[in-house]
Amino acid sequence: MTRKSGGWILAVLLALLTGLVGAPTASAAAPAYLTMEASYSSPANGWERVERYLDTTAGFRQEQYPPDGRGDQDGQRLTFFGGVKQPYSGRFLLYSAPGWNSGAHQVPVLLVHGANDNPDRAWANPGESGGYGCGTASCPNTGLMQYLSTRGYRVFAIGFAHKQGDNLMQAQEVGDAVALIRARLGVSQVDLVGWSKGEMSTRAYVSSVKPSWGRPYAGDVRRLVTLGGPNGGYDYPFAHGWAHDFSIWPECGGKVNAPSPHLRMTCYGTYQAHPEYAFTPTGGYDDYPGQRQMLARWDGTYGVDQSQQDWYTTYYGGQGFYTDGTGIQPAIAAGSLITPLHQAGIPAQVRTFLLAGGTPSILGIFNENRGPSDGVVFVSSALDTTGVGTVGGTALVAGANHLELGWNTTVAAKVAGWLD
């Protein structure tokens, strides 16, 4: 859910309809509304190939990006998106790992990354963004992709156009990726692993929480695994707003691609306004729709961090000594998905496994310290089973923080066991 300068945070938005859940369907041809636009056969970080697809369904749109470029595509993803820094949200990438067509495990696995992240850093090369980008001072160059693929799992990953995008649109693309994998391998079901914000799109897909124009769940997922997912929501940015803002606002030295709980803030004696960093649509900007979709209040459980400047007005809204903002409740009302996901429920046919990290020790950020957490998401949120039809298992990996969940060997072994 949360990352430092390479990216790190979560998400939450609109509550909408739930569709019908059917029994698993047989494998079929790739949907006609999907167009493969490009294929890359020699990507970095151990992947075998990457393909770019366009979902031509009416309803997808061009989402907004922060105007200073901090949310733009970068690295080899920029090449994969055809050199477009701010891709259309109807486009997505499908990564294939070695052994995708030869692994002994018959049910393939689709890995779904979190906010401000990508399939390379999340799953294949945690050290891609340098030291501390993986949650510790020294980062490995392999991750969950290699761990699973070398053990005979047929592994794929999806890459989204917008790093903080609308989880409802991204859920539709999770369904697209599942359909493509089924068609390619001739299988009826796929397993999903959603990390952090990736939990939102995977869960929305299997729960048929969708846009009005979207397709319902196709009954084609066997197991769902969530890693540090905000199943119960999160309120970190509002509870620790002052410290959080210093990593975002450029006048304060911030560069992180994440939303701010404030609309105005004093940085080094100058009162600044940045509507482009708001959680909710403000001043013509809506750059972080996926983040407000993950919001839920935890002040009734763990209180609010009263050590932070303007803590009360940050969380509950209003003008403080140095900041001004709407507070968390209007942001939740603008489209949190936590309650709709709980109400829709995960079908009982989808065995669901929930894993939480237990070490709040992410270097470079103010860690979530109001209750047991992985540094960003409360353990009780990550392990919240509200609305889960069949709980296959839960686990707390005490030695992992939020950014280590994609490569920690204890986490990887637990995931492999759940998928076996």
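**Disulfides, strands and cores in a predicted model**

Biologist: Cys-134 and Cys-139 form a disulfide. How far apart are their sulfur atoms?

Modeller: The structure is a predicted model, and a search of the whole of it finds 2 disulfides. In the one formed by Cys-134 and Cys-139, the sulfur atoms are separated by 2.4 Å. A disulfide is accepted when the sulfur atoms lie within 2.5 Å, and the value for this pair is 2.4 Å.

Biologist: Is the disulfide of Cys-134 and Cys-139 left-handed or right-handed?

Modeller: The handedness follows from the torsion about the S-S bond, which is about -95 degrees for Cys-134 and Cys-139. Because of that torsion, the disulfide is left-handed.

Biologist: Is Cys-139 buried, partly exposed or exposed?

Modeller: Its partner Cys-134 has a relative accessible area of 0% and is therefore buried. Buried requires under 20% and exposed over 50%. Cys-139 has a relative accessible area of 22%, so the class of Cys-139 is partly exposed.

Biologist: Where in the chain do Cys-252 and Cys-267 lie?

Modeller: Cys-252 and Cys-267 form a disulfide with sulfur atoms 1.8 Å apart, and both residues are buried. The pair links distant parts of the chain, 15 residues apart. Cys-252 lies in the loop between helix H7 (241–245) and strand E8 (264–267), and Cys-267 lies in strand E8.

Biologist: What is the pairing of the bonded cysteines in sequence order?

Modeller: One disulfide joins Cys-134 to Cys-139, and another joins Cys-252 to Cys-267. When the bonded cysteines are numbered along the chain, the pairing is 1-2, 3-4.

Biologist: Which strands are the edge strands of the open sheet E9-E8-E11-E10?

Modeller: This open sheet holds 4 strands with antiparallel pairing. An edge strand pairs on one side only. The edge strands are E9 (270–273) and E10 (318–319).

Biologist: Which residue of E11 is the bridge partner of Gln-319?

Modeller: E10 and strand E11 (residues 323–325) run antiparallel and are joined by 2 bridges. In E11, the partner of Gln-319 is Asp-324.

Biologist: How many of the 6 residues of strand E3 are buried?

Modeller: Strand E3 (residues 91–96) is joined to strand E2 (residues 49–55) by 6 antiparallel bridges. E3 also pairs with strand E5 (residues 155–160) in the antiparallel sense, over 5 bridges. E3 is largely enclosed by the rest of the structure, because its buried residues number 5 of the 6.

Biologist: Which helix gives the most to the largest nonpolar core?

Modeller: The largest nonpolar core has 58 residues, and those with the most contacts inside it include Leu-94 and Leu-110. The greatest contribution to this core, 8 residues, comes from helix H4 (residues 167–185).

Biologist: Why do the buried residues of H14 line one face of the helix?

Modeller: Helix H14 (residues 409–419) has several buried residues, among them Val-411, Val-415 and Trp-418. Viewed down the axis, the buried residues line one face because they fall within an arc of 160 degrees.

Biologist: Which residue caps the N-terminal end of H14?

Modeller: The buried residues of H14 pack against several elements, including helix H3 (144–149) and strand E4 (109–112). At the N-terminal end, a side-chain oxygen lies 2.9 Å from the backbone nitrogen of Thr-410, and the residue that supplies this oxygen is Asn-408.

Conventions. Residues numbered from 1 in each chain as written. Predicted model: local features only at pLDDT ≥ 70, side-chain atom pairs only at ≥ 80, totals over all residues. Heavy atoms only, no water. Buried < 20%, exposed > 50% of the residue type's maximum accessible area, 1.4 Å probe, protein only. Arc of directions from axis to C-beta. Contact = heavy atoms within 4.5 Å. Polar contact = N/O pair within 3.5 Å; in protein donor to acceptor, adjacent residues only side chain to side chain. Core = buried A, V, L, I, M, F, W, Y, C linked by side-chain atoms within 4.5 Å. Pairing = 2+ DSSP bridges.
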